[in-house]
Amino acid sequence: MMKKLLIVAIAVFALYSGGTRFISESSELHNVQTNVSVSSGTDSFQISEDEWGGQHVGLPVLTTSRPEVILRHKGYTVSYNNDLKLPNWVAWTLVPSRFQENVSRTGDFLPDPDLKGDDRVTTDDYKRSGYDRGHMCPASDNKWDEQAMRESFYMTNICPQNHNLNRGDWKELEEACRDWACQSEALYIVCGPILYNSRHKTIGKEHEVTVPEAFYKVVLSLTPSKAIGFVYKNTSGNRPLDAYVNSVDQVERLTGIDFFTALPDSLEALIEAECEPADWPLAGEH
């Protein structure tokens, strides 16, 4: 009964726009921790009936002023910041049906064709930079479809990431999310870069891609209702998963993003304030 009520509530509160792209013109800010202003853009993330009961989950909303172009791809949606040459956020659903390995990993990093030619970051911007081309929405979450796999390698889904982090603790979190998706009907995931400093390192002579100081990921489950956040410094390290745990509220304060905009306010407040790693068991721990 509780599950049915939750589905009805989300259906009532969610907003869905059929458009494929919108642009927020504001561009004053690179540092997400200051000069707070409310974004005027509203959109939603649609999940097909076979994935999450036909429910709609609101797309994240920026609560700090910065450039934003919304780009919809088959396996994920990205809010792209053309000043920083980074995503503000990348959002997608993760469901067990997407674990079918219908295609192999391509490995071909491509400029995003939905951007203008001069704005397109290329893989050349990362050459000899010392940083990995770090996926936000993982390629391994997109083996279910050839187009989804190809688009996961668009450079709008990529950030400069420490090699040890990319191949180590960040990868372990990606694998944990796939494990949690098998325990739930579906997960809704948002991740992206964090910029702590007022001045940032850049790579690439042509496009000057900003190097983040850290990364975040927030994970939402509705069956049962729970959410959790993670923050990783963009450095080498080898720590257990629970060392990176934060509440979603804490991640929202760090990033200037409202993540779960279509949830009823009472439910959103409850699950975003909680921070309990024991509610997210890994394989063999439950």
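A polar contact is a pair of N or O atoms within 3.5 Å, of which, within protein, one must be able to donate a hydrogen and the other to accept it. This cut-off applies to the first of the close-up views below, all of which show a predicted model.

**Figure 1. His-135 in strand β8 and its surroundings.** In this predicted model, the side chain of His-135 reaches the backbone oxygen of Ser-152 at 3.2 Å, a distance that falls inside the 3.5 Å limit for a polar contact. The residue belongs to strand β8 and has a relative accessible area of 6%, so His-135 counts as buried. Leaving aside residues up to four places away in sequence, His-135 touches Arg-105, Phe-109, Ser-152, Phe-153, Asn-157, Ile-158, Trp-170 and Glu-174.

**Figure 2. The largest pocket and its lining.** The largest pocket has a volume of about 400 Å³, and 17 residues line it, of which Arg-105, Arg-133, His-135, Asn-166 and Arg-167 are the closest to its centre. How do the residues of the lining divide into nonpolar, polar and charged? Five are nonpolar, four are polar and eight are charged. Strand β8 (132–135), helix α4 (163–167) and helix α5 (169–183) each contribute at least two residues to the lining of this pocket. His-135, already shown in the previous view, touches Arg-105, and both residues are among those closest to the centre of the pocket.

**Figure 3. The tilted ring pair of Trp-170 and Phe-215.** A pair of aromatic rings is described by the distance of the centres and the angle of the planes. Nine aromatic pairs are found when the whole structure is searched. In the pair shown here, the ring centres of Trp-170 and Phe-215 are 5.7 Å apart and the planes stand at 50°, so the pair is tilted. Trp-170 lies in helix α5 and Phe-215 in strand β13 (residues 214–222), and the pair thereby links distant parts of the chain, 45 residues apart. Trp-170 counts as buried because its relative accessibility is 0%, and Phe-215, with a relative accessible area of 0%, is likewise buried.

**Figure 4. The stacked ring pair of Trp-180 and Phe-230.** The rings of Trp-180 and Phe-230 have their centres 6.1 Å apart and their planes at 15°, so this pair is stacked. Distant parts of the chain are again linked, with Trp-180 in helix α5 and Phe-230 in strand β14 (residues 225–233), 50 residues apart. Are these two residues buried or exposed? Trp-180, at 2% relative accessibility, counts as buried, and so does Phe-230, at 1%.

**Figure 5. An aromatic cluster that includes Trp-170.** Trp-170, Phe-215, Tyr-232 and Tyr-244 form one aromatic cluster. Trp-170 also appears among the residues that His-135 touches, and the cluster to which Trp-170 belongs can therefore be viewed together with the buried His-135.

**Figure 6. Backbone geometry at Pro-224, Lys-85 and Arg-128.** Most residues other than glycine have a negative phi, and most peptide bonds are trans. The peptide bond that joins Thr-223 and Pro-224 is cis, with omega about 0°, and Pro-224 is found in the loop between β13 and β14. Lys-85, although not a glycine, has a positive phi of about 60°; the residue is located in the loop between β6 (77–81) and β7 (86–94), where its relative accessible area of 11% makes Lys-85 buried. Arg-128, also not a glycine, has a positive phi of about 55° and is placed in the loop between β7 and β8, and at 81% relative accessibility Arg-128 counts as exposed.

**Figure 7. Leu-282 beside helix α5 residues.** Leu-282 lies in the segment after α7 (265–273) and, at 27% relative accessibility, counts as partly exposed. Although 105 residues separate Leu-282 and Cys-177 along the chain, their C-alpha atoms are 9.0 Å apart. With residues up to four places away in sequence not counted, Leu-282 touches Ala-176, Asp-179, Trp-180, Gln-183 and Leu-241, and Trp-180 is the residue whose ring pairs with that of Phe-230.

**Figure 8. The whole chain as context for the close-ups.** The protein chain has seven helices and 16 strands, and buried residues make up 56% of its 286 residues. Among contacts with a separation of 6 or more, residues 24 or more positions apart account for 70%.

Technical notes. Residues numbered from 1 in each chain as written. Predicted model: local features only at pLDDT ≥ 70, side-chain atom pairs only at ≥ 80, totals over all residues. Heavy atoms only, no water. 1 Å grid on protein atoms, 1.4 Å probe; cavity = no way out; pocket = protein on both sides within 12 Å on 5 of 7 lines; lining within 4 Å. Points joined across faces, edges and corners; volume = space filled by probe spheres on them. Helix = DSSP H or I, 4+ residues; strand = E, 2+ residues; numbered from the N terminus. Nonpolar A, V, L, I, M, F, W, Y, C, P; charged D, E, K, R; others polar. Buried < 20%, exposed > 50% of the residue type's maximum accessible area, 1.4 Å probe, protein only. Contact = heavy atoms within 4.5 Å. Phe/Tyr/Trp six-rings, centres within 6.5 Å; stacked < 30°, edge-to-face > 60°.
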